[in-house]
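Good morning, everyone, and thank you for making the time. Please have the sequence and the model open in front of you, and I will walk through a few places in turn.

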Amino acid sequence: MHSPSHDAGDVRINPSILAADFVNMQAELARIAGADFVHVDVMDNHFVPNLTFGPQMVERIQATSPVPLDVHLMITDPDRWAPGYAELGAASVTFHLEAATEPVALARRLRDIGSRAGVAVKPATPVDGVFDLLDEVDQILVMTVEPGFGGQSFMPETMPKLRRLAEEAQRRGSSVWLQVDGGISESTIGQAAEAGADTFVAGSAVFGSDDPDAAIRALREAALRHRHGAAR
């Protein structure tokens, strides 16, 4: 498995292909070779009111992407479907706490297959529910918009929740990655970095740029500047 070029103490920038040109996916993926992962939003038109990719498309992205896949499952019944994405070779598979019946068992299954396991929470979901999963997952995703559509505005009211999670992870000596997704740009990434995030999903801020690699570098630098002042 391709491993990211940046160590765990660094920040990770994961462009979301929700903002890419789907017809030219291979060329779009080539434009983000400087990223750590490519963030792939799988939506089922049930858990969220939108439909995107299924396993076949993810398999093709996996085959052509220059960087590992960070798959975010916004789907009902991830207990049934998530392991299949790990089996496709995705480096990381994140399911929603609100949708999983047996989150611990599912996280362990994903890890057994060889993927990093992630759990995500919507803006309104209390973060306390993931405290008990800190030892079972490799990544926790705090949604900074309502999941379902790209291009939404960053919700600063999710930052206290992220800060609490970062403090709890630090208290337990956890090396879990803390990811944010939604409205992340050069103007908002600092808030999330200060609150403890180290892994950032950015869509239009990267793919909407004339030079996506330069946009990735600028986001990385902005996050690093602010992380020095963070609690973790």
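**Confidence, a helix, a pocket and three residues**

Let me begin with residues 1-8, where pLDDT stays under 50, and for which the model has eleven contacts beyond four places in sequence. This is a predicted model, and where pLDDT is low, the predicted coordinates should not be read in detail. For the protein as a whole the average pLDDT is 93, and 94% of the residues score at least 70.

Now please turn to helix α5, which runs over residues 159-171. How far apart should the ends of its 13 residues be? At 1.5 Å a residue the helix should span 18 Å, and its end C-alpha atoms are indeed 18 Å apart, so the expected span and the model agree. Several residues of α5 are buried, among them Met159, Leu162, Leu165 and Ala169, and the list also includes Lys161 and Glu168. The buried residues of this helix pack against three strands, β5, β6 and β7, and against helix α6. After α5 comes Gly173, which has a positive phi, near 70°.

The next stop is the largest pocket, which holds about 300 Å³ of space. Its lining is made up of 24 residues, and those closest to the centre are Gly150, Gly151, Asp181, Gly182 and Gly183. Three elements, β2, β8 and α7, each give two or more residues to that lining. If we sort the lining by class, we find twelve nonpolar, ten polar and two charged residues.

Strand β2 also contains Val38. Is Val38 buried or exposed? Its relative accessibility is 0%, and therefore Val38 counts as buried. Beyond its neighbours within four places in sequence, Val38 is in contact with residues including Pro15, Ile17, Leu29, Val67 and Asp70. Take Pro15 as an example: Val38 and Pro15 are 23 residues apart in sequence, yet their C-alpha atoms are 5.3 Å apart in space.

Finally, I would like to point out two loop residues. Asn45 sits in the loop between β2 and α2, and its phi is near 65°, which is a positive value in a residue other than glycine. With a relative accessible area of 49%, Asn45 is partly exposed. Asp77, in the loop between β3 and α3, likewise has a positive phi, near 60°, and is not a glycine. The relative accessible area of Asp77 is 30%, so this residue is partly exposed.

Key:
Residues numbered from 1 in each chain as written. Predicted model: local features only at pLDDT ≥ 70, side-chain atom pairs only at ≥ 80, totals over all residues. Heavy atoms only, no water. Helix = DSSP H or I, 4+ residues; strand = E, 2+ residues; numbered from the N terminus. Expected span 1.5 Å × (residues − 1). Buried < 20%, exposed > 50% of the residue type's maximum accessible area, 1.4 Å probe, protein only. Contact = heavy atoms within 4.5 Å. 1 Å grid on protein atoms, 1.4 Å probe; cavity = no way out; pocket = protein on both sides within 12 Å on 5 of 7 lines; lining within 4 Å. Points joined across faces, edges and corners; volume = space filled by probe spheres on them. Nonpolar A, V, L, I, M, F, W, Y, C, P; charged D, E, K, R; others polar. pLDDT = per-residue confidence, 0-100.
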